[in-house]
Amino acid sequence: MSQINLVYDTLKQCLREQRFTYKQIAQKLNVSEASVKRNFSLQAFSLDKLEQICECLNLSLSDLFSLSQKQQEKISQLSEKQEMELLANPKLLLAAVCVRDGWRFSEIIKHYDISEVEGIKLMTTLDKLKLIELLPNNRYKLLIAQNFRWIPGGPLEKFMEQEVMVKFMAPKKNEPWMFRFYLRGRYSQTSVSIIQRRLEQLRQEAAKLSSEDNALPIEERQHIGLLMAMRPWEPSLFENMKRK
């Protein structure tokens, strides 16, 4: 990740942690909310404007750059032992997913069947796993990097394949698909690389939007599943018709 990308990602994370919205920043800068969104998207704020935004957060520009450097040190992947520990306790896995999505402690215990005492124990365990830094009054600082991923082929990825993706593709009764499309074809390696790059761009954009929405109350956010997959494959119906 470039240094500029890192600075802007860090700034957006600081805004989320302090529950600042783009609308509030727009009022501070005396510009439209659309202008703020555009400048964040294009990473086009002047140093003067960046300094004004930092003032809202009680930060200096040097503080922002220092935090950006620390962002590079955040974990991007767990060990296999850590993944196994999450899988051994479904509520711990749930808590890990919630903090990754920016839930407050009060929102977790209100929304799920988790008592306050249980919740504190779960947050303490996540602190020991170095996923968060637990702060006073059950607040926390997320220690997961923006590019965090499960171990390829590891325990959690296998769990997702077996338990989540299969059930995701078989919706419950009356559960609507917001979008579903299957596409097949024969592509050159160049075209395959282009498609892979575009899918990765979409994944990154979806992750950023999710992070930006973390500042909103739970009631204003909806659980959405987005599954992207691509591999060499032909339906067995057709494969069985191949000439021997």
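**Exercises on a predicted helical chain**

Read along the sequence, the chain follows the pattern α-α-α-α-α-α-α-α-α-β-β-α-α-α, where helices (H or I, at least four residues) and strands (E, at least two) are DSSP runs numbered from the N terminus. The model is predicted, so that local features need pLDDT of at least 70 and side-chain atom pairs count only at pLDDT 80 or more, while totals for chains, interfaces and linings use all residues. Residues are numbered from 1 along each chain as its sequence is written, and side-chain values use heavy atoms, with hydrogens and water left out.

**Exercise 1. Describe the chain as a whole.**

Step 1: The pattern comprises 12 helices and two strands, and the C-alpha atoms fill a box of roughly 70 × 45 × 35 Å along the principal axes.

Step 2: The accessible surface comes to about 17000 Å², 53% of which belongs to carbon and sulfur atoms; such areas come from the Shrake-Rupley method with a 1.4 Å probe, and for residues only the protein chains shown count as cover.

Step 3: Of the 244 residues, 29% are buried, where buried means under 20% relative accessible area, exposed over 50%, and partly exposed in between (1.4 Å probe, protein chains only).

Step 4: Among the contacts with a separation of 6 or more, 65% come from residues 24 or more positions apart, contact being defined as heavy atoms within 4.5 Å.

**Exercise 2. Work out how helix α2 is placed against helix α3, and which residues meet.**

Step 1: The axes of α2 (residues 22-29) and α3 (residues 33-42) come within 8 Å and cross at roughly 105°; axes are lines fitted to C-alpha atoms, for helices over the stretch in contact, and angles run from 0 to 180 degrees between N-to-C directions.

Step 2: This crossing makes α2 roughly perpendicular to α3, because angles under 35 degrees count as roughly parallel, over 145 as roughly antiparallel, 65 to 115 as roughly perpendicular and the rest as oblique.

Step 3: On the α2 side Y22, K23, I25 and A26 take part, and they meet E33, V36, K37 and F40 in α3.

Step 4: By class, this contact has five nonpolar, no polar and three charged residues, given that Ala, Val, Leu, Ile, Met, Phe, Trp, Tyr, Cys and Pro count as nonpolar, Asp, Glu, Lys and Arg as charged, and the others, Gly among them, as polar.

**Exercise 3. Place K12 in the contact of helix α1 with helix α11, and decide whether K12 is buried or exposed.**

Step 1: Helix α1 (residues 3-17) packs with α11 (residues 189-212) at an angle of about 30°, with the axes 9 Å apart.

Step 2: D9, K12 and R16 in α1 meet K208, S211 and E212 in α11, and by class the contact has no nonpolar, one polar and five charged residues.

Step 3: K12 has a relative accessible area of 9% and is therefore buried; beyond its neighbours within four places in sequence, K12 is in contact with Y22, F40, K208 and E212.

**Exercise 4. Locate the largest nonpolar core, then follow L131 within the fold.**

Step 1: A nonpolar core is a set of buried Ala, Val, Leu, Ile, Met, Phe, Trp, Tyr and Cys residues joined through side-chain atoms within 4.5 Å.

Step 2: The largest core has 24 residues, of which L86, V99, M123, L126, L131 and I132 touch the most other members.

Step 3: At least two residues each come from α7 (90-100), α8 (105-111), α9 (116-128) and β2 (140-142), and α7 gives the largest share, six residues.

Step 4: Apart from neighbours within four places in sequence, L131 is in contact with I75, L78, L86, A96, L126, K141, L142, L143 and I144.
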